[in-house]
Amino acid sequence: MANSKKYWQGFEDLVDSPLAKKFQQNEFAEDIPSDEFLGNNEALGNSQTTRRDFLKYLGFSTAAATLAACETPIVESIPYVVKPDSITPGVPTFYASTFFDGYDYAPVLVKTREGRPIKLEPNNLATFNKGTNARVQASVLSLYDSERLREPLVDGAETTWKDALAKVKSALDGAAGKEVIFMTATVISPSTKKIIAELKEKYPNLTHVTYDAVSVSQKLDIYQNLLGERAMPRYRLDKAELVVSFAADFLGDWNGQDVAAEYAAARKPGKNMLRHVQLESVMSLTGSNADKRIKLKPSEYGAALVYLTSKVASGTGHASAFEVGSLNDQLKPQLDEIAKELVAKGGKSLVLVGGNDIHLERFAAAMNMMLGNESAAVDYTDRVYLRQGNDKEVEAALKNMAAGNVGVVMTSGINPAYTLHGYAEAVSKVGTTVSLTDRLDESASLSNIVLPTSHFLESWGGFHPKRKTYTLAQPTINPLFNTIQVEDILLSLTGNTLSYKDYLKEFYQTMVEPKAPENTWNIALQNGVVEKEETDLDYFITEAEIFSIPDLKQRIIEALVDSSTALAKQKAGSYEIVFYQKIGIGSGNMANNPWLQELPDPVSRISWDNYLTISAADAVALGFEMSNDTNGGLNGNYANITVGGVKLEKVPVFVQPGQAIGTVGIAVGYGRTACGKAANNLGVNAYTLISGLEHWNTDVTIENIGGKHEYASIQLGHTMMGRKIVNEVTLADYMNVDPHDWNHHHEFATYKGKLSANETNIWDDLDHETLHMWNMSIDLNSCTGCGACVVSCHLENNVPVVGKEEVRNHRDMHWLRIDRYYSSDMSKAEAAKQGYSGVGLIGKGATDMYAEMEIPSESPDVVFQPVMCQHCNHAPCETVCPVAATSHSREGLNHMAYNRCIGTRYCANNCPYKVRRFNWFNYMGNSKFKDVNPAQDDYGRMVLNPDVNVRSRGVMEKCSMCIQRIQYAKLEAKKKGKKIEDGSFTTACAQACSTGAITFGDVNNKKSEVSALKEDERAYHLLEEVGTQPSVFYQTKVRNRA
Amino acid sequence: MHYEAPIREPLIIGDKSYHDITVEVARPIETKAPRIWWFAFSLALLLFLWGIGCILYTIGEGIGTWGLNKTVGWAWDITNFVWWVGIGHAGTLISAVLLLFRQKWRMAINRSAEAMTIFSVVQAALFPGIHMGRLWLGWYVFPFPNQYGSLWVNFNSPLLWDVFAISTYFSVSLVFWYVGLVPDFAMIRDRAINPVQKHIYKILSFGWGGKAKHWQRFEELSLVLAGLATPLVLSVHTIVSMDFATSVIPGWHTTIFPPYFVAGAIFSGFAMVQTLLLIVRKMYKMEHYITLQHIEMMNIVIMLTGSIVGVAYITELFMAWYSGVEYEQYAFLNRATGPYWWAYWSMMTCNVFSPQFMWFKKLRTNLIFTFIISIVVNIGMWFERFVIIVTSLHRDYLPSSWSMFSPSFVDIGIFLGTIGFFFVLFLLYTRTFPVIAQAELKTILKSSGEYYKKEQKDHGEH
């Protein structure tokens, strides 16, 4: 019916006239005058454009257009022809592996996306060292370091592997009459050790020397003597209630053991909370977490330790007649106090001592024995192999090399020309030197043959970190460059044709699981960790002695008298120096990692540098000054220091609160010259001052040479200025006093009566009840300030690295920072006591109080506070953005729409927490950041997380609570048709936090951990009186003191 | 005709006829520029070009070329913005508010004051633009219809209110200024000899014929526009102040800001008018029109508004103490005694103490002294904005984030560039526009001219 309707175009249509029919058939109403043009031959002939010309023009323009089109940049993006089974684009795949670089050890899960490893996460199946610290977190970037060697080098020229290995073999064969030295960092892989043993069989003149750049060899000597193998007891802080540490930076690095998680677990506030006493010279991360910290010079360590031991010995009924060196009278009552505490705690205490000193370690071990700690916190059975360096072997090797008795030196995984005093000189006397290294570093550039080795993410490995644990490493990517892993190089040198993968599998099946069927290998690879009772893993432990504790105890105590005599001879120097390792850089083997360089030192808050730490009193005495540029940049003077006759010039000097008077400290790992663009020419090389692998030296002279050093200091205000920022309470108050007194919440007088900041509201709030409500709890009591979360956040969220100058300009981009505050001698209570009143125009008043509050105490309490976007539910940033680029979600998150942001920075100004970060430059493209930002490098770019976009210049960015992870978890739950389970996912920071300080979850899920924490009496919001109602809350710090 | 008591000081000095006024006002346009003009113009142009260079560098490289950091997100950019907007206030105040109050003395100065308004608002408007990280997306601030769903601007944001306030103010001021110019352009047109010049002024004068109807419409429109512009005098700086007042930053979060900012704006605007007119008066020998009495009047306004600003400063301090909020208290103690104490005390000295000299007639009628004070006041007002913005931001809630600010050469270059740009515009204006609203001025010649006053005195009123 409907389509029968007809519309006429005119009356002609209606009457159906022939004319109309004709028009309907003609395509054109009028004739096209083509004949006039084409038919007229004469006109065509006269035309200037001939047919041939026309074709020429046509041909030219087609060709030109095609050529022009060719200039379009071609971005290769090739889809899989056959999709690998294990890879689904957009879905990460995880592999269990193990990180060990001779310094840090961690069982990890490697997150790969589309075949690229992009993140390391802790392996929760592990029970030992399961934390991933900042260095482990950052190590994935070292894989993509474009400074890595790509081909083997012989005498500086690139060559083939075949050629290079042949050269090594002929060198080894040719060194028949002489010694061959194979020098490595600690090897904890039994299969690698087996290959070395096989190599030794082939070349009987080969000596394997184990060298740790940061050596604890003298300590190991004791335990080797006692236990028959080079191992340390395993220290279990979770089984102690009192730890007394003499200069042991056990939260920074404890001989490879990661004790932070156990430490934090033992420090849960309550009756049996672990108390921590630290005696040290430099303000270490560990010292800054202590409940009681005593400043001590290195020369006093011995006397203090011996004194303490004698007190403990008499308290526990042991012989106590030791020779005590000269000791400050003020120290004695404090040590008496500590001894009393130790004796009272009995077997639930722990004494640790740092450094590389046999005598000190003997006393610590003895004290632990006297107190009976071997049954709890000191585990002699499950001992740890993470440090095996041997100073005597190193010394002997150097002597032989210098004497010209060495034909070949092979080094692997170490950089002795940089770290070892006298190596460069000694090695010049050696016939052939071979470096197995990942880059052309200081040692490799002295070598004849350089063999590039694979990164651990490209390698196989089997590790035996402690007696009851065996872990595996597997490659997660094909070698990026023409590199071979160390074990395969060694296998080919032994003439073995097996690949290390097969060798390892065979080793595993014959030595680790001899009784097990074939498929345990696959399960072990999948889990990454094999934990066994000791006998099961003893197949490859041949040296260990059977020991009994009473026997050990007797042998330790026997040696004390001699040691006390040795320690009593210790002379004090006018200045004494301590060599320490920074949290970010450690021993310096990953120095070319910009993430680690950019990570500020947790205590000094300085990045991209090392410096001489000095106390304020000594700085005054020597005339050192710290000053600030008008832009807030921190400046210091330079010093020339001489340690044991070795001079180091132009060392920046940094005044460090908490530094013992008469001591200075300096971090190793800096002053690189051949490490890479990011690390070269930063700081000074403190290794040159270490002549005997010691950790401190008492023979120091310091000369002030003035000048101005520009620090990249991230923090300018160091004290809390009397504000409730980090809330703190003593354990006694926490246990006995009403929480309102120590966790005071502001109340506002309103017409409805007194209301808390969260109840005073004039907003139309979003519905936060129905769906998820993401909240985060940060336990300031568990946070040690280690910075793993900062690096983890950096990787997960593609945060740009900005380099030294920009950090100095306070333009760091960290989405998550860890604020560090010192206590001040001045407080509001103190000011009231001293009668400060009024503003301060007449007499002393508020201005004077605040000025004095800014100065940190000389023996400060230290607190750490991780601060990221607080995701305020009444967010000051959201109201001021003119274009609504930042707005709130129903799930309690504060979102950033980068595409919408025009960069007015109004939001950052109005943020009370100052967590917003602005892209001041195009960090992805600006040549100023070429050396530091990995995202500018073709290889470095591969580490970027594809789930998070890279922000452009002029855009504001900030913590998103890892929104990509939230979305992923939501989608996964939706696919399964289930609710998101608490703990099924978490943010990158929470995941990296080994102490469990950060808890993330849904508070609308009443069973979640975070919702319980929100009700905790320690919980409070940062700056809650501003009324921002954050989604992040903090747990009050509890100090274990009366 | 308007009657004025003979004891009032004459507003036009000398034996002037209508023709004299015409000739003298048209003289700068019809004669060659004095050498001093060329010198000033070259200097201004140089600064302007330098400023353009700095702006282009900023746009090309990023805001990182400025001295800002994660804590201090605004500094010279917004300081300059508020400073220029503030300066722009005097023009409207003189032309609109004084018109409504029938202050006849405004007639000699309103043209230049309005020109100054327009030119300084142009400078001001630059900053919200170039301070953006992504200038090329600046159009996002306009509520345009779009296909992104319901994607609107954030009407809660004071920065958005700024966009509307400034653009409204600019357009109304421009129209008001132009309307006043029409009869004067016609005068120039009628006198022009050069045909090109004549043609241009013909177009500019919109066919003004000086008919009674024209005059009637002119008067009516002026009155209507004055009525429109008067609330703007209050609104613009009120809204600018809300950029700060609605925030949570101690030192910004202050309810006193709207009146305090308006008073400050008038204060700085008058000082700038004073500076400019003293130059114009000298350069173009306009002493008979811009008399000592004008200058004295303006000095009185400066003294009054300066004192209001001083009261505001003290009120702020009082409120900080009275509020009992420790952040607020610290913010103000820090202003006065912290690292930026010198900025605070420069502000106090320039804005509160220096105008107090104007209580003395001898000083407020001294040209050189007036000139110096007018410059001092503008320096002080620049510092006021700097103090509010930078000293509040650099130490806010969490000491861990405290920082400092130091300008880079780009910051300085852009500021100098706007000064250059302003003077380029102003100097061109003095050569091409009648700097005195001569048509208006002629209406008071017989009531307020010295000659006629004398005549009146001598011969009595007829």
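Where in chain A is the place of N255(A)? In this predicted model, N255(A) sits in the loop between β9 (242-246) and α10 (260-266) of chain A. Its backbone is a bit of an oddity: phi of N255(A) is near 50°, a positive value in a residue that isn't glycine. N255(A) isn't out on the surface either, since 22 other C-beta atoms lie within 10 Å of its own, and the cut-off for calling a residue buried is 20 or more. So N255(A) counts as buried.

C962(A) tells a similar kind of story. Here too phi is positive, at about 50°, although C962(A) is not a glycine. C962(A) belongs to the loop between β38 (956-957) and α33 (963-976) of chain A. Is C962(A) buried or exposed? C962(A) comes out as buried, because it has 27 other C-beta atoms within 10 Å.

Stepping back to the whole of chain A, the chain contains 35 helices and 42 strands. Its radius of gyration is 34 Å, close to the 31 Å that the globule rule gives for 1042 residues, so chain A is as compact as a globular protein of that length. Along the principal axes, the C-alpha trace of chain A spans about 135 × 90 × 65 Å. Of the 1042 residues in chain A, 54% are buried. As for contacts with a separation of 6 or more, 75% of those in chain A link residues 24 or more positions apart.

Chain B is built from helices, with 18 of them and 0 strands. The radius of gyration of chain B is 23 Å, close to the 23 Å expected from the globule rule for 462 residues, so this chain is as compact as a globular protein of that length. The C-alpha trace of chain B spans about 80 × 55 × 45 Å along its principal axes. Buried residues account for 52% of the 462 in chain B. Among contacts in chain B with a separation of 6 or more, 84% join residues 24 or more positions apart.

Within chain B, one helix that keeps turning up is α6 (158-191). How does α6(B) lie against helix α8 (residues 212-245) of chain B, and at roughly what angle do the axes cross? The two axes come within 9 Å and cross at roughly 155°. An angle over 145 degrees counts as roughly antiparallel, so that is how α6(B) runs relative to α8(B). The crossing of α6(B) past α8(B) is left-handed. Sorted by class, the residues in the contact of α6(B) with α8(B) are 21 nonpolar, 5 polar and 2 charged.

The packing of α6(B) on α7(B) follows along: the axes are 8 Å apart and the angle is about 155°. These two helices are therefore roughly antiparallel to each other, and α6(B) passes α7(B) in a left-handed crossing. On the α6(B) side the contact is made by F185(B), I188(B) and R189(B), while α7(B) brings in K198(B), Y201(B), K202(B) and L204(B). By class, that contact has 4 nonpolar, no polar and 3 charged residues.

W208(B) fits into this part of the chain, lying in the loop between α7 (195-204) and α8 of chain B. Which residues does W208(B) contact, leaving aside its neighbours within four places in sequence? They are V182(B), P183(B), A186(B) and H214(B). In the case of V182(B), the C-alpha atoms of the pair are separated by 6.9 Å, although the two residues are 26 apart along the chain. W208(B) also counts as buried, because it has 22 C-beta neighbours inside 10 Å.

That leaves the meeting of the two chains. In the model, 45 residues of chain B are in contact with 52 residues of chain A. On the side of chain B that touches chain A, α6 (158-191) and α11 (326-337) each supply at least two residues. The largest share of that side, 4 residues, comes from α11(B). What does the side of chain B that touches chain A look like by class? It has 22 nonpolar, 18 polar and 5 charged residues.

Notes
Residues are numbered from 1 along each chain as its sequence is written. Chains are lettered from A and ligands numbered from 1 in the order in which they are written. This is a predicted model: local features need pLDDT of at least 70, side-chain atom pairs count only at pLDDT 80 or more; totals for chains, interfaces and linings use all residues. Two residues are in contact if their C-beta atoms, placed from the backbone, lie within 7 Å. Ala, Val, Leu, Ile, Met, Phe, Trp, Tyr, Cys and Pro count as nonpolar, Asp, Glu, Lys and Arg as charged, and the others, Gly among them, as polar. The radius of gyration is taken over C-alpha atoms; the globule rule is 2.2 Å times the number of residues to the power 0.38. A residue is buried if 20 or more other C-beta atoms lie within 10 Å of its own, exposed if 12 or fewer, and partly exposed in between; C-beta atoms are placed from the backbone. Axes are lines fitted to C-alpha atoms, for helices over the stretch in contact, and angles run from 0 to 180 degrees between N-to-C directions. Angles under 35 degrees count as roughly parallel, over 145 as roughly antiparallel, 65 to 115 as roughly perpendicular and the rest as oblique. A crossing is left-handed if the near helix is turned anticlockwise from the far one by less than a right angle, and right-handed if clockwise.
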